[in-house]
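Q: I've got a new model open and I'd like a quick tour. Can you walk me through it?

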Amino acid sequence: MTSCGTTGLAQAAAEAVREASREPRLATCGDVLAMLLERGLGDVLATPASGRDDEEADPRGVPDGAQPAAAADAAARLAALLACQPGIAAFVSLSGQTVYHAPELLSRTYALILDRKDSPIALVAEEIRTNSRDYPRPVPVKLFEAPPFDLSPEEIEAVLRAMAAGAAYQDITFAATTNGAVYLFSSLHLKREYAAFLAERAETLVLNP
Amino acid sequence: MAATSGGFAGKVLRVDLSTGKIGIQDTIERYEAVLGGAGLGYRVLWDEVPAGTGPFDPANKLVFAAGALVGTSVPCNGRATVTTIFPTCWPRPLVGSGHMGGHFAAKLKYAGYDALIVEGRADKPVWIMIRDARVEIRDAGHLWGSGIRRTTLELSQEMGPDCVVAAIGQAGENQAPMGMVINSVSHSAGGVGGVMGAKNLKAVAVQGSGAVRIAGDKAEWEKLIKFHLSILGGNNQHVVPSFPTPQAEYYNPASRWVGQPGRRWGAAKPPVELAGDIYDLNRIAYRTNSAAYFLGGEAWKYTVRGNGCTACPIRCHTMLRVPSVTVRYGIPDMAQNTCIALQFGRMFFKQPGDGKGGEAAIEACMVGMHLADDMGLWSNYGQLQRDLRKLYEGGYLKTRLGSKEYASIPWDKYENGDPAFLLDIIPRIANRQGELGDVLSRGTGAIFDHWSIPEAEWARDRTTTYWKMGHPKHHANEDDGQCGVIINTQYNRDAQCHSHTNFVRNGLPLEIQRKLAAAIWGSPDALDAPGDYTPANVYKAKRARWSLVRKELHDALGVCNWMGPWVASPRWERGYAGDDSLESRFLSLATGRAIDREELDRAGERIFTLHRALTIRDMGQVDMRSKHDLVPPWVFEDPNGAAPFTKGTTRMDPADIALAMDLFYEIMGWDKATGAPTGERYASLGLGDVGEALRVGKLTPESGR
């Protein structure tokens, strides 16, 4: 197994992640391996390591034309390489794959939004929960119409209906302000009275310049 | 020191309009201890304007002052203060400063002056021409009666395109206490226009061909400038964008950093699309669009560009082009401003015709800006508009104004949110026309006096946001609990302090804010979340003191307290910390005299204490605590009856605020019973002469007892 650190391959792998982050895009091991192979740098990874146990490998990172076992081995070795690269972070995506990003170029916040883009319910619910927990604050429903969420009003309505019906989302609720704006929050982290206060405050900040 | 080594221009210009005498003083010899700006203004008033002088008396003085950092390359350095006996302070005029950005302050420095002190009263309308060493009092007969735009144009044509004109409009000429002076088209200092008018001073126009010398190492200076730029956020130092973006860990939909890639300045020719790295130090100006923030997303399509002050990359004065206003209201289709002044017209209405961000609302803003910035009418931080609304909606006008005058006002247009209402009401006030126009032109205190309305009717009503002495709150308990309350008790006009609120509203998560607070003020408990207030503590009092001192320092150095201080930053690698010693590092390099943060803060405290001394002297009252540092009743109430310290209320507790004031006075080294500095405190701040004069007048806590 290639040792972790400053080898040219490790640095190239990290640069591939950075390149994806600049776009911005999350990178799987398969993405990184494909980028390395394109540049003629991935052959060493694509060759199975002797005596390696294949059960650690991630079969979803299969490069075109490679044997599954070899690909899994390559992915595992790549993961080990990336794990100790400074400035590279990873998390398990909604799909179950480990994905990589360079936080300096692609923050964890934005990376999580990208990861959830194909699952609007998770996207909206987790953004609401994060805001309620971390800042803490409710968020205006119109937030989800704007980039990077880019949901249409109809999609948002569908998401809210689905959450209202789903047991896993019963903490997601809303407060309406006196000017008719709707703010969403998680009751796990914000009490209704306080969320309503914060929503009203947010709507009137422009009149308190 | 007779000559300046750097930072200061070195000279103060005096113009006596009564005698025509023009003189020069050394800045540093006389004013170094108070730095410049408002500090210099307070010192002039203390030394030269006797207690009891009225704002429009010839004996009152107008001190236009820059600061040691003005005209350098320090970001956000374009501030000028105009210190005088402030005419809207009620029930008696007291010291106050108007503040304006733009380019007047820098031009004054380039002409060789740190300040211009205007004395006396001309016997006919005049303007002051400053072209480096050449200073003349010139006839302004042909300009009297003109608006600010025409005056600016005429004087610019006379002097040349590189001059800066600070002029008054009709409101100032009519000696309206609500008059303001404006330079560079849109940069206003409220409340001082009438004082200029009383002196028959239409304008000051400045051309300067010099520069400000930096005494310190050039490379160090450039490095510090780059560093400062790197810790800037958007407008009001909101350090996170309002939108999620790949490069930011945090965002805040309420942030004034609204320049999201993909947005367009739609009225620019050709339109400018915002793109690229939002952290690029050469693209900071794209972060802010005050119109989009205050008026809503529709404003992007009317945006021409951002405009602003000397060396300020923030560009908070958003220039708008709205063609429909020319056809509908016969006014120019371009206007620019920020904050309250941007909303001057819209704020008259309870609800503009088509809602907050609709066309009528934007048109109301355009009409309001056009009229107010030409006639030179100040809003008193929106109190003018709230006053009119309360007077009308509360039925006061119906019963107090003569029926003929009442009927002459187009209330139907007010009711419909029609911007055409502004074409009637703003000139009415600026021209002091009729009873209503005259009363409103004199400020909120005149409403109480003229119509015998008890002040309490305003002070009990939170919708007025009225605080005290004729002025509203300016970021008080609604933003910052006890800290905001303390700050709002201290001035003779609205507090105009942003040190505290720019931190509270910076957009970072509470835990990070509290971590930064611990590093700066000694404890995370220096800060609460909005509406989740905990009882007063010494750290909040320290933060209030710091906020006030930094405000005074900024006003004295000529940097913008609307944009600073810079103790939080967008930089995750710094843990979002800014730099609390930035001002002292800049001043040290500019002047070549090392001054650390503590020493500079002491200078700020000296300036603030001088303001306090002037207030005590001119009120003839040592008991500031019960006679001056007042809190309106609405602060102690909640519309829903929520108790203080419950989540979701800004209601304060009277006993807790009393404790907060105790803690604040103690930290200031002031007497807790009276809230007045002791003789010893004056002396320790280098204000021994001030303390002695107050002692003789029995206006120190010791002598008064």
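A: Happy to. One term before we start: helices here are DSSP runs of H or I with at least four residues, strands are runs of E with at least two, and both are numbered from the N terminus. Also keep in mind that this is a predicted model.

Q: Okay, using those names, where does Pro136(A) lie?

A: Pro136(A) is in the loop of chain A that runs between helix 6 (120-134) and strand 4 (139-140). The peptide bond leading into it from Tyr135(A) is cis, and its omega is near -15 degrees.

Q: And what kind of peptide bond joins Gly564(B) and Pro565(B)?

A: A cis one again, with omega at about -5 degrees. Pro565(B) is a loop residue as well, found between helix 23 (538-557) and helix 24 (582-591) of chain B.

Q: Let's switch to the big picture for chain B. Into which domains is it divided?

A: Chain B has domain 1 (11-207), domain 2 (232-306) and domain 3 (473-704).

Q: How many residues do domain 2 and domain 3 of chain B put into their contact?

A: Domain 2 of chain B gives 15 residues and domain 3 of chain B gives 17. The centres of these two domains, taken over C-alpha atoms, are 31 Å apart.

Q: How much area do they bury between them?

A: About 1300 Å², with 54% of it on carbon and sulfur atoms. On the domain 2 side, the touching residues are seven nonpolar, six polar and two charged.

Q: What about salt bridges and polar contacts there, how many of each?

A: Zero salt bridges turn up across the interface of domain 2 and domain 3 of chain B. There are six residue pairs in polar contact between these domains, counting pairs with both residues at pLDDT 80 or more.

Q: Now the two chains. How many residues does each one bring to the contact?

A: Chain B brings 39 and chain A brings 29. Together they bury about 2800 Å², and 56% of that is on carbon and sulfur atoms.

Q: Which residues of chain B lose the most area to chain A?

A: Pro244(B), Pro246(B) and Tyr251(B), which together make up 23% of what the chain B side buries.

Q: Which side chains meet in a salt bridge between the chains?

A: Asp479(B) and Arg201(A), at 2.8 Å from N to O. The count between chain B and chain A is one salt bridge. You also get 17 residue pairs in polar contact across that interface, both residues being at pLDDT 80 or more.

Q: Which elements of chain B give two or more residues to that side?

A: Helix 8 (290-295), helix 10 (339-342) and helix 20 (477-489) of chain B. By class, the chain B side has 18 nonpolar, 11 polar and 10 charged residues.

Q: How many salt bridges are there over all chains?

A: The count comes to 59. One to look at is Arg43(B) with Asp689(B), where the closest N and O atoms are 2.5 Å apart.

Q: Why pick that one, what does the pair tie together?

A: Arg43(B) is in helix 2 (residues 37-48) of chain B and Asp689(B) is in helix 29 (residues 688-696) of chain B, so the pair links parts that are 646 residues apart in sequence.

Q: Last topic, the start of chain B. In which sense do strand 1 and strand 2 pair, parallel or antiparallel?

A: Antiparallel: strand 1 (residues 11-16) and strand 2 (residues 22-26) of chain B pair over five bridges. Arg14(B) stands opposite Gly23(B) of strand 2. The two strands form a hairpin with five residues between them, and Gly20(B) in the turn has a positive phi of about 80 degrees.

Q: Which residue other than glycine has a positive phi?

A: Leu35(B) is one, with phi near 70 degrees. You'll find Leu35(B) in the loop between helix 1 (27-31) and helix 2 of chain B.

Key: Residues numbered from 1 in each chain as written. Chains lettered and ligands numbered in written order. Heavy atoms only, no water. Domains from an automatic or database assignment. Contact = heavy atoms within 4.5 Å. Buried area = accessible area lost by both parts, 1.4 Å probe. Salt bridge = Lys/Arg side-chain N within 4 Å of Asp/Glu carboxyl O. Polar contact = N/O pair within 3.5 Å; in protein donor to acceptor, adjacent residues only side chain to side chain. Nonpolar A, V, L, I, M, F, W, Y, C, P; charged D, E, K, R; others polar. Pairing = 2+ DSSP bridges.
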